[in-house]
Amino acid sequence: MKKPGSGVSAKACPASALAALAAAVLVLAAAFALAGCSAGMPAGPDVAPAFGDSYQEAEEAVRAHADDAALLGVRTDGNVALEEQRPWVYLFGSKRTGYSYSVQTTDGNVVVEEYAPLSLTQSQWDAIEKPDDVSVEARQAVAEAVEASGKAPTSYNASLVTFEDTSGGAGLKPMVWYVGLVDLTEDGEANTELYEVAAR
């Protein structure tokens, strides 16, 4: 549904919905999906930038493995309390090596792992968006989702892809932040509402 007067849209998230987002990167591997609808921690507005220093470090590190590496996506490392800053996980792809690479930066340490074989068409490679085109950072995207929800969530998760998925999977749109706001029910179950926020 769309909130009145807002460009942010939302829908309820069943237990498997966030895992289904991985279908946009099925050509890479389902494990790069957003974390599932699970419990988080008390909220407070403090979202780490996805395209700040950590992205620069990740890009520099992955280019030592594949000099043509292009960013395919970025996601939070699980569910994150809004007062907490946790590292982002970046997914890069290389046409030259035919592999994707997962990169995480934590406390100055950068870990690059060969992720999965990669099979993108030439048109998909050509359509990969540049991180420089992101004008709405993660913090703003999460803030807009929280505002649209009208309540403070327990935690959040977020992800963005930069390429057009033509596999017929989850159909993630490139350059859209998918923000999951997680709340706990009275029974202690996690309930996630998914919001879409344009990244530019």
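# Working through a predicted model

The largest pocket has 17 residues in its lining, and Arg63, Ala69, Ala70, Leu71 and Lys130 are the ones nearest its centre. Keep in mind that this is a predicted model. The exercises start at that pocket and move on from there.

## Exercise 1: The pocket

Work out which elements line the largest pocket and what classes of residue are found there.

*Step 1.* Look for the elements that give two or more residues to the lining: these are helix H2 (53–62) and strand E2 (70–76).

*Step 2.* Pick out the main contributor. H2 has the largest share, with three residues.

*Step 3.* Sort the lining by class. You get nine nonpolar residues, one polar and seven charged.

*Step 4.* Add the volume: the space in the largest pocket is about 290 Å³.

## Exercise 2: The two faces of H2

Find the buried residues of H2 and explain why they sit on the same side of the helix.

*Step 1.* List the residues of H2 that are buried: Ser54, Tyr55, Ala58, Ala61 and Val62.

*Step 2.* Check how they spread around the axis. Their arc is only 130°, so they lie on the same side of H2.

*Step 3.* Recall the helix geometry behind this kind of pattern. With 3.6 residues a turn in an α-helix, residues three or four places apart point the same way.

*Step 4.* Turn to the face away from the buried side, where you'll find the exposed residues Asp53 and Glu60.

*Step 5.* See what the buried residues of H2 pack against: E2, strand E3 (88–94), strand E4 (99–106) and strand E5 (109–117).

## Exercise 3: Two strand residues

Decide whether Ser94 and Thr105 are buried or exposed, then list what each one touches.

*Step 1.* Place them: Ser94 is in strand E3, and Thr105 belongs to strand E4.

*Step 2.* Use the cut-off, under 20% relative accessible area for buried. Ser94 has 1%, so it is buried. Thr105 has 7% relative accessibility, so Thr105 is buried too.

*Step 3.* Set aside neighbours within four places in sequence and list the contacts of Ser94: Ala66, Asp68, Tyr99, Tyr101, Leu118 and Trp125.

*Step 4.* Do likewise for Thr105, leaving out residues up to four places away. Its contacts are Ser54, Glu57, Ala58, Pro87, Trp88 and Val110. Ser54 and Ala58 should ring a bell, as both are among the buried residues of H2.

## Exercise 4: Positive phi

Find out where Asp107 and Met175 lie, and whether each is buried or exposed.

*Step 1.* Start with the background: most residues other than glycine have a negative phi.

*Step 2.* Take Asp107, which isn't a glycine yet has a positive phi of about 50°. Asp107 lies in the loop between E4 and E5. Its relative accessibility is 77%, so Asp107 counts as exposed.

*Step 3.* Take Met175, also not a glycine, with a positive phi near 60°. Met175 sits in the loop between strand E6 (155–161) and strand E7 (176–184). With a relative accessible area of 4%, Met175 is buried.

## Exercise 5: The whole chain

Describe the overall layout: how many helices and strands are there, and in what pattern along the sequence?

*Step 1.* Count the elements: four helices and eight strands.

*Step 2.* Read them along the sequence and you get β-α-α-β-β-β-β-α-α-β-β-β.

*Step 3.* Check burial: 50% of the 200 residues count as buried.

*Step 4.* Look at contact range. Of the contacts between residues at least 6 apart in sequence, 65% join residues at least 24 apart.

*Step 5.* Finish with the accessible surface, about 9,200 Å², with 49% of it belonging to carbon and sulfur atoms.

Conventions: Residues numbered from 1 in each chain as written. Predicted model: local features only at pLDDT ≥ 70, side-chain atom pairs only at ≥ 80, totals over all residues. Heavy atoms only, no water. 1 Å grid on protein atoms, 1.4 Å probe; cavity = no way out; pocket = protein on both sides within 12 Å on 5 of 7 lines; lining within 4 Å. Points joined across faces, edges and corners; volume = space filled by probe spheres on them. Nonpolar A, V, L, I, M, F, W, Y, C, P; charged D, E, K, R; others polar. Buried < 20%, exposed > 50% of the residue type's maximum accessible area, 1.4 Å probe, protein only. Arc of directions from axis to C-beta. Contact = heavy atoms within 4.5 Å. Areas by Shrake-Rupley, 256 points an atom, 1.4 Å probe, with all protein chains shown as cover.
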